[in-house]
Amino acid sequence: MLIIDAHLDLAMNAMEWNRDLTADIDSIRARESGMQDKPDRGNNVVSLPELRKGRIGLVVATQIARVTENHRILPGWYSPEQAWAQTQGQLAWYRAMIDTGEMQQITDLTTLERHIALWEDEGVANDTKPVGFMLSLEGADSLIDLSYLERAYAYGLRAIGPAHYGPGRYAPGTGMEGPLTPLGVELLKEMDHLHMVLDITHLTDAGFWQAMAIYKGPVWASHHNCRALVNHQRQLDDDQLDALIERGAIIGSALDAWMLAPNWTRGKSTPSLCGVNLDRLADHIDHICQLAGNSNHAAIGSDLDGMFGSEQCPYDLSTIADLRKLEGILEKRGYTASDRTNIFHGNWLRFIRRAWKNN
Ligand SMILES: [Zn+2]
C-alpha cells in the first residue's frame with residue numbers, strides 16, 4: 001500500500017547533517033561513526049532507497065531555517081537574509097534530486113495525479129520510481145518579508161507552518177506562550193490569497209486558536225500527537241483535535257519517542273526501556289479516530305530524522321520502510337482495509353485534491 005508521509009526534513013539532513021540521501025542507509029550510518037557533533041549521528045533511518053522500499057512514494061518535505069538571538073542556546077541564523085539563503089540551498093538540493101530522477105516535485109493536481117498513477121502502476125519497479133515531494137516551510141522566519149512568500153510560492157512552496165521551537169518572527173512556537181506576531185497575522189492573510197495550506201504544527205495554544213479563527217483556507221497538522229496520551233504543550237489537546245476534525249483537517253502522527261509515550265527523558269531514556277514501539281504510534285492514531293468517530297482525519301507525519309534518530313524512535317523501526325508494520329498493528333485493532341487506506345494515504349490525498357481543486 002502506498003504511504004504518504006507528511007513531514008520529513010530531507011534537505012536539512014542533506015545540507016546540515018551532510019547526508020547523501022541517495023546512498024544506502026548502512027553507508028550513511030558508517031560515514032558518521034564516531035562523530036559527536038549531533039546526538040543522532042550514525043542513527044539515521046531515512047534515505048531515498050528506504051522510502052522506495054517502504055512504498056512511501058509521496059512526502060511533504062521541508063525547508064527549514066530559524067532566525068535566532070543566540071545560536072548557542074537555540075541554533076539558527078542571526079538574520080532573516082541568512083535564513084533565507086539557507087532555505088535556498090535546501091531548494092537547490094531538492095532541484096538536484098529532481099534533475100537526477102531521484103525525486104519529483106508535486107505542485108498541482110496534474111503533477112499529483114501523474115505521480116500517484118506511477119506509484120500505483122505495479123508494472124514499474126518501485127526502486128526506479130522518484131519519491132514525490134510537496135514543499136513546506138517549517139517556521140516562517142526565513143521569509144525576509146511577505147514579498148518572499150510570492151517568490152517561494154513561485155518555486156513550488158505549498159504549505160507553511162509559521163512556528164517552530166522557541167520565539168519566531170511570525171509566531172512563537174513550542175515552549176513559548178502567546179499569540180502570532182502582527183507579521184504572522186499578515187502572513188496568514190497572504191497565504192489565504194495564495195490558497196496555501198496552513199500547518200498549525202508547533203503553534204502555541206493561543207496561536208493555534210487565533211490561526212484557526214483567522215485562516216480561511218485548508219489547515220493541517222503535519223506532525224502532531226495527542227496531549228491526552230502524552231501531556232505536553234507540543235501536543236494537541238482534545239478541544240484542538242475536535243476543532244481540526246470539524247474543519248476537515250488531517251493530523252499526521254509523529255514518531256519522536258518523547259511524543260509517543262509519557263516520561264521520556266531526552267538523552268537518558270531508551271525506546272525499549274520506555275516501551276516505545278509502533279503500537280504507541282497506533283495509540284495516537286486510534287485516539288484521533290475515536291474522537292472523530294471515523295478514520296478520515298488520522299495519518300502519518302513521521303518527522304523521522306528530524307533532529308533525532310533510532311535512539312529516539314520506536315525500537316521496532318530500523319528504517320522508515322518499517323512504517324509498513326503499522327498496517328498489521330492497525331488490522332489487529334480492528335481497522336478495516338478502507339480505514340488503513342485512509343490512514344496510509346487516502347486522507348492526505350483527499351485533502352490535497354480538495355485544497356488544490358480551485359487553484
Ligand atoms: Zn517539527
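**Figure 1. The second largest pocket and the residues around it.** In this predicted model, the second largest pocket is lined by 13 residues. Those lying nearest its centre are Pro218, Arg247, Gly248, Phe351 and Arg354, so a good way to find the spot is to pick out these five residues and look at the space they surround. The pocket has a volume of about 190 Å³. Helix α13, which runs over residues 337-356, supplies the largest share of the lining, with four residues. Sorted by class, the lining holds five nonpolar, four polar and four charged residues.

**Figure 2. The largest pocket.** Here we turn to the largest pocket, which holds about 880 Å³ of space. A total of 36 residues line the largest pocket, and the closest to its centre are Trp17, Arg66, Pro75, Gly306 and Met307. The lining is a mixture of classes: 14 residues are nonpolar, 12 are polar and 10 are charged. Trp17, one of the residues closest to the centre, also has a charged partner, since Lys38 lies over the face of its ring, at 4.2 Å from the ring centre.

**Figure 3. The zinc ion and its protein donors.** Which residues hold the zinc ion? The protein donors are Glu138, through OE, and two histidines, His202 and His223, each through NE2. These donors lie 2.0 to 2.2 Å from the zinc ion. Along the chain, the donors follow the spacing E-x63-H-x20-H. His202 belongs to the loop between β6 (197-199) and α8 (205-214), while His223 belongs to the loop between β7 (219-220) and α9 (238-246), so this pair ties together parts that are 21 residues apart in sequence. Are the two histidines buried or exposed? His202 counts as buried because its relative accessibility is 3%, under the 20% cut-off. His223 also counts as buried, at 1% relative accessibility.

**Figure 4. The largest cavity.** The model has three cavities of 30 Å³ or more. About 80 Å³ of space lies in the largest cavity. Its lining is made of 16 residues, with Arg66, Gly139, Asp141, Ala163 and His164 nearest the centre of the cavity. By class, that lining divides into eight nonpolar, five polar and three charged residues. If Arg66 looks familiar, that is because it is listed among the residues closest to the centre of the largest pocket and among those nearest the centre of the largest cavity.

**Figure 5. Aromatic pairs that link distant parts of the chain.** How many aromatic pairs does the structure hold? There are seven. In one of these pairs, the rings of Trp84 and Tyr148 have their centres 4.7 Å apart and their planes at 75°, so the pair counts as edge-to-face. Trp84 sits in helix α4 (residues 80-99) and Tyr148 in helix α6 (residues 147-154), so the contact ties together parts that are 64 residues apart in sequence. Both Trp84 and Tyr148 are buried. Tyr94 and Phe133 form a stacked pair, with 4.9 Å from centre to centre and 20° between the planes. This second pair also links distant parts of the chain: Tyr94 is in helix α4, Phe133 is in strand β4 (residues 131-138), and they are 39 residues apart. Tyr94 and Phe133 are both buried.

**Figure 6. A ring cluster and a charge over a ring.** Ring pairs join Trp84, Tyr148 and Tyr155 into a cluster. In a further close-up, the charged end of Arg158 sits over the ring of Tyr153, 3.9 Å from the ring centre.

**Figure 7. Thr110 and Ala125, with two distances to try for yourself.** Thr110 is found in helix α5 (residues 109-120). Because its relative accessibility is 52%, above the 50% cut-off, Thr110 counts as exposed. From Thr110 to Met196 the C-alpha to C-alpha distance is 17 Å, and the two are 86 residues apart in sequence. Ala125 is placed in the loop between α5 and β4. At 42% relative accessibility, Ala125 counts as partly exposed. The C-alpha atoms of Ala125 and Arg52 are separated by 9.7 Å, with their positions 73 residues apart along the chain.

Terms used
Residues are numbered from 1 along each chain as its sequence is written. This is a predicted model: local features need pLDDT of at least 70, side-chain atom pairs count only at pLDDT 80 or more; totals for chains, interfaces and linings use all residues. Side-chain values use heavy atoms; hydrogens and water are left out. Donors are N, O and S atoms within 2.8 Å of the metal (3.2 Å for Na, K and Ca); water is not among the atoms, so sites may look incomplete. Buried means under 20% relative accessible area, exposed over 50%, partly exposed in between (1.4 Å probe, protein chains only). On a 1 Å grid over the protein atoms alone, a cavity is a set of points where a 1.4 Å probe fits but cannot get out, and a pocket is an open set with protein on both sides within 12 Å along at least five of seven lines; lining residues have an atom within 4 Å of a point. Grid points are joined across faces, edges and corners, and a volume is the space filled by probe spheres set on the points. Ala, Val, Leu, Ile, Met, Phe, Trp, Tyr, Cys and Pro count as nonpolar, Asp, Glu, Lys and Arg as charged, and the others, Gly among them, as polar. Rings of Phe, Tyr and Trp (its six-membered ring) pair if their centres lie within 6.5 Å; planes under 30 degrees apart count as stacked, over 60 as edge-to-face and the rest as tilted. A charge sits over a ring if NZ of Lys or CZ of Arg is within 6 Å of the ring centre and within 35 degrees of the ring normal.
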